[in-house]
Amino acid sequence: MSKILVTGGAGFIGSNFVHLALKDRPDWQITVIDKLGYAGNKASLDDVLDKIEFVKADICDQSAIDELVKNHDHVVHFAAESHNDNSLHSPWPFVESNLIGTFRILDAVRIHGKKLHHISTDEVYGDLELDDPSKFTPETPYNPSSPYSSTKAGSDLLVRAWVRSFGVHATISNCSNNYGPRQHVEKFIPRQITEILEGRRPKLYGTGENVRDWIHVDDHNRAVIDIMEKGKSGETYLIGADGEKNNKDVIEMILENMGQDPSAYDHVNDRPGHDLRYAIDNTKLVAELGWQPVYTDFESGLKATIDWYKANEAWWRPTKEATEAKYKELGR
Ligand code: NAD
Ligand code: DAU
């Protein structure tokens, strides 16, 4: 039996990871550590709390991390401040959780000789032009744009240094934009779905030409399990499912699928430094680990996500008003 420590397991991707792992790896013993910050929601784990251990703690807390890492075999590190817009007006929590928090985990993993899988983002590579046929590969130079992406880039570099200098066993994955259930309503897709459910119009930043490479959260997490089991220490794997779409098309698809006029959205202030396009070349993951996405039809994955938000108002309602109040201050 493997003992797995999941950091950030009350967040969007981490909680979906816990649900998937309980189903696909029933022999794993899972502990979640999460500080339950504004994006952490214990309700995302309500139905599995009897099957896991849950620890409310901060990954920057050295003694809490040391004790937990000592008692597990493999750490999968999702915990981070994750929202670009927040990082633009309040960067310090990003430095704290993403850099100092990752440092605490790395040092505990080094001291106790445990394995680490570090979850990162394609945003460390900066952005691509809209008419550029190329995609991000593991060889693309780091060129992050925002305080969020620069702290994630810094955390990746810490992991690489701990592998090379101290022989820590660690893998890294950089994934594109995830969608699916249990995603905070500050993020693009859940924000628009819940705005429509509230009887308001979706909000598109700028012209909406910006392209994101969408992947279903379960496809991301299946790749994470593959890397934990078959990945080579020191290697970086890019995770993406060829899901490029511009924001305008996604908003129109959401509106249509919710029975609305597809042009019934508003253009709002653009995000400063807004990355134009992300695109992942997943060749290494497919060729070396045999991973394949299951959700190859974005529209049906999106429909299922809309249905989840319709059926789970009690989950998103408590965070909706405060989220929109923050956006109002930014004129977005
Ligand atoms: P999220 O904001 O939904 O969840 C993050 C979780 O981490 C929250 O539960 C929060 O409480 C917890 N957390 C934050 N700081 C903490 C700390 N100091 N101590 C303990 N817990 C802390 O984010 P997400 O979208 O689930 O992202 C998870 C990871 O995946 C992040 O590392 C993010 O950079 C990465 N990622 C996200 C995407 C995406 O599309 N959402 C894509 C690629 C990579
Ligand atoms: O690429 C991976 C990254 O994807 C992750 O590392 C981040 O944690 C995750 O938040 C996501 O970053 P983005 O900035 O791409 O995601 P966000 O959901 O904030 O926005 C997606 C796109 O939609 C982006 O181009 C901005 C735009 N947008 C966003 C919101 C909230 C809008 O047009 N309107 C909105 O209301």
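The following dialogue explains how to read the ligand shells and nonpolar cores of a predicted model.

Biologist: What should be known before reading this model?

Modeller: The model is predicted, so local features need pLDDT of at least 70 and side-chain atom pairs count only at pLDDT 80 or more, whereas totals for chains, interfaces and linings use all residues. Residues are numbered from 1 along each chain as its sequence is written, chains are lettered from A and ligands numbered from 1 in the order in which they are written, and side-chain values use heavy atoms, with hydrogens and water left out.

Biologist: Which residues come nearest to ligand 1?

Modeller: A residue is near a molecule if one of its heavy atoms lies within 4 Å of it. Around ligand 1 there are 28 residues, of which Ile13, Asp34, Ser82, Tyr148 and Lys152 come nearest. Strand 5 gives the most to this shell, with three residues; helices and strands are DSSP runs (H or I, at least four residues; E, at least two), numbered from the N terminus.

Biologist: Which polar partner does Ser82 offer to ligand 1?

Modeller: A polar contact is a pair of N or O atoms within 3.5 Å. An N or O atom in the Ser82 side chain is 2.7 Å from an oxygen atom of ligand 1. The protein buries 96% of the 840 Å² that ligand 1 exposes when taken alone, by the Shrake-Rupley method with a 1.4 Å probe.

Biologist: How many residues surround ligand 2?

Modeller: The shell around ligand 2 has 25 residues, with Thr121, Asp122, Tyr148, Arg271 and His274 nearest. Ser82 appears here too, through a backbone N or O atom 2.8 Å from an oxygen atom of ligand 2. A polar side-chain atom of Asp122 lies 2.5 Å from an oxygen atom of this ligand. Taken alone, ligand 2 exposes 690 Å², of which the protein buries 95%.

Biologist: Which residues touch the most other members of the largest nonpolar core?

Modeller: A nonpolar core is a set of buried Ala, Val, Leu, Ile, Met, Phe, Trp, Tyr and Cys residues joined through side-chain atoms within 4.5 Å, where buried means under 20% relative accessible area (1.4 Å probe, protein chains only). The largest core has 34 residues, and Val6, Phe17, Val18, Ile30 and Val76 touch the most other members. Helix 1 supplies the largest share of this core, seven residues.

Biologist: What is Phe17 in contact with, leaving aside its neighbours within four places in sequence?

Modeller: Contact means heavy atoms within 4.5 Å. With those neighbours left aside, the partners of Phe17 include Val6, Trp28, Val76 and Met228. A second, separate core of 23 residues includes Tyr179 and Trp308.

Terms used: A polar contact is a pair of N or O atoms within 3.5 Å; within protein, one must be able to donate a hydrogen and the other to accept it, and residues adjacent in sequence count only if both atoms are side-chain atoms. Buried means under 20% relative accessible area, exposed over 50%, partly exposed in between (1.4 Å probe, protein chains only).
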